[in-house]
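Before reading on, take a moment to look at the model and its sequence side by side. We will go from the overall fold to the interior, and then to a single residue.

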Amino acid sequence: MTSTFSSHSLLCSTACSSSSYPSTEFKFPAKPIRSSSSTVQFSSDKIDEHVSGITDPGISFSTSRRRALISIAILPCLVPLSPNIGGLGANAMESGTKDHLLIKEEVRKVLSKGKAAGVLRLVFHDAGTFEMSDNTGGMNGSIVFELERQENAGLNKSIKVLEKAKKEIDTTQPVSWADLIAVAGAEAVAVCGGPKIPVSLGRVDSMVPDLEGKLPRESLNASGLKKCFQRKGFSTQELVALSGAHTIGSKGFGSPTSFDNAYYKVLLEKPWMSGSSMSRMIGLPSDHALVEDDECLRWIKKYADNENMFFEDFKNAYMKLVNSGARWRSL
Ligand code: HEM
């Protein structure tokens, strides 16, 4: 507990509203842009060779960057991509296909309840960089280039866990990091007893890191959190539902491996206001901030009273999150 709290001050260290650029040598746009003039169609396998192969964090980053630079230079000419703002790309593949089952099966082999929280957090740290205004960031697997950022401290462990599954899946049908993380997060929720969430496939990985400072800082008040989520296309209700992800993990909201509505029940009790030092450690400042806001409080009360409603709203918000800013493979 103590160590998690001390690391909090380091997490999400850049203001959400900031638009500073990452200190990397990349000079290309954050995403390959659809080439309107391209008439060349590649099979999905071919695209995945270009896309997911180079984002393996197991290989040296300088090598991967060199290969990324080459690929990013040629990719827009070769691959027609479907950009996405908000909804599903035209070529997204529905959940439940053979590919989807293969990914789920391999993820289940490496995902224990104890690893679920880290994997679910990975989803937010990949997708949560999305900005509607300029359509940058989002669910594009770029997290594999961003693991050294303070806000992503500890997530390398979750990537390592998924890397094992990726290697296995890639031998049969290459999978993008973005698809893998999206499916793995849904499996993390399910393995802890939460709702079953269908996830579409076909996301294409970015070759470059997203802009830094797009994730919300934990010190934001409710108004700052609402604005930050609004810029990503999420309502206050969705902010409250998605924050319920903190019900698993080490923040002290009931069992760390049970995905339930304990988060909201505990928020209403405000244990961090009590004298005991253990109770004061429960939740993040951003969690505490939600209860102080009337609009958020209304949703917190609803979800505390009705777990099914929380599950349904979380499911829908999660589906939206993993489609945020996604570019879809052309089939
Ligand atoms: C509302 C804004 C949010 C802020 C400021 C925030 C910040 C944080 C911070 C600082 C931690 C602690 C990390 C650590 O212990 O090292 C954390 C944990 C976590 N976050 Fe968030 N988060 C937010 C929203 C979300 C969302 C939307 C999701 C997923 C849908 C999510 C999933 C998680 C999970 C599962 C953990 C527990 C990780 C673990 O214990 O291993 N968070 N978050």
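A helix, as the word is used here, is a DSSP run of H or I that covers at least four residues, and helices are numbered from the N terminus. With that in mind, one can place Arg 108 in this predicted model: Arg 108 belongs to helix H4, which spans residues 98-110.

What does the secondary structure of the whole chain come to? The chain has 14 helices and zero strands, and the order of its elements from the N terminus on is α-α-α-α-α-α-α-α-α-α-α-α-α-α. Among the contacts in the chain with a separation of 6 or more, 80% are between residues 24 or more positions apart.

Turning to the interior, 46% of the 331 residues in the chain are buried. The largest nonpolar core holds 72 residues, and those with the most contacts inside it include Ala 116, Leu 120, Leu 180 and Ala 188. Helix H7, residues 177-191, supplies the largest share of this core, namely eleven residues. In soluble globular proteins, nonpolar side chains tend to be buried together. If neighbours within four places in sequence are left aside, Leu 120 is in contact with Gly 185, Ala 188, Val 189, Ala 245 and Ile 248.

Returning to Arg 108, is this residue buried, exposed or partly exposed? Arg 108 counts as partly exposed because it has 14 C-beta neighbours inside 10 Å, whereas a buried residue would need 20 or more and an exposed one would have 12 or fewer. The C-alpha atom of Arg 108 is separated by 8.7 Å from that of Ala 165, although the two residues are 57 residues apart along the chain.

How values were computed. Residues are numbered from 1 along each chain as its sequence is written. This is a predicted model: local features need pLDDT of at least 70, side-chain atom pairs count only at pLDDT 80 or more; totals for chains, interfaces and linings use all residues. Helices (H or I, at least four residues) and strands (E, at least two) are DSSP runs, numbered from the N terminus. Two residues are in contact if their C-beta atoms, placed from the backbone, lie within 7 Å. A nonpolar core is a set of buried Ala, Val, Leu, Ile, Met, Phe, Trp, Tyr and Cys residues joined through C-beta atoms within 7 Å.
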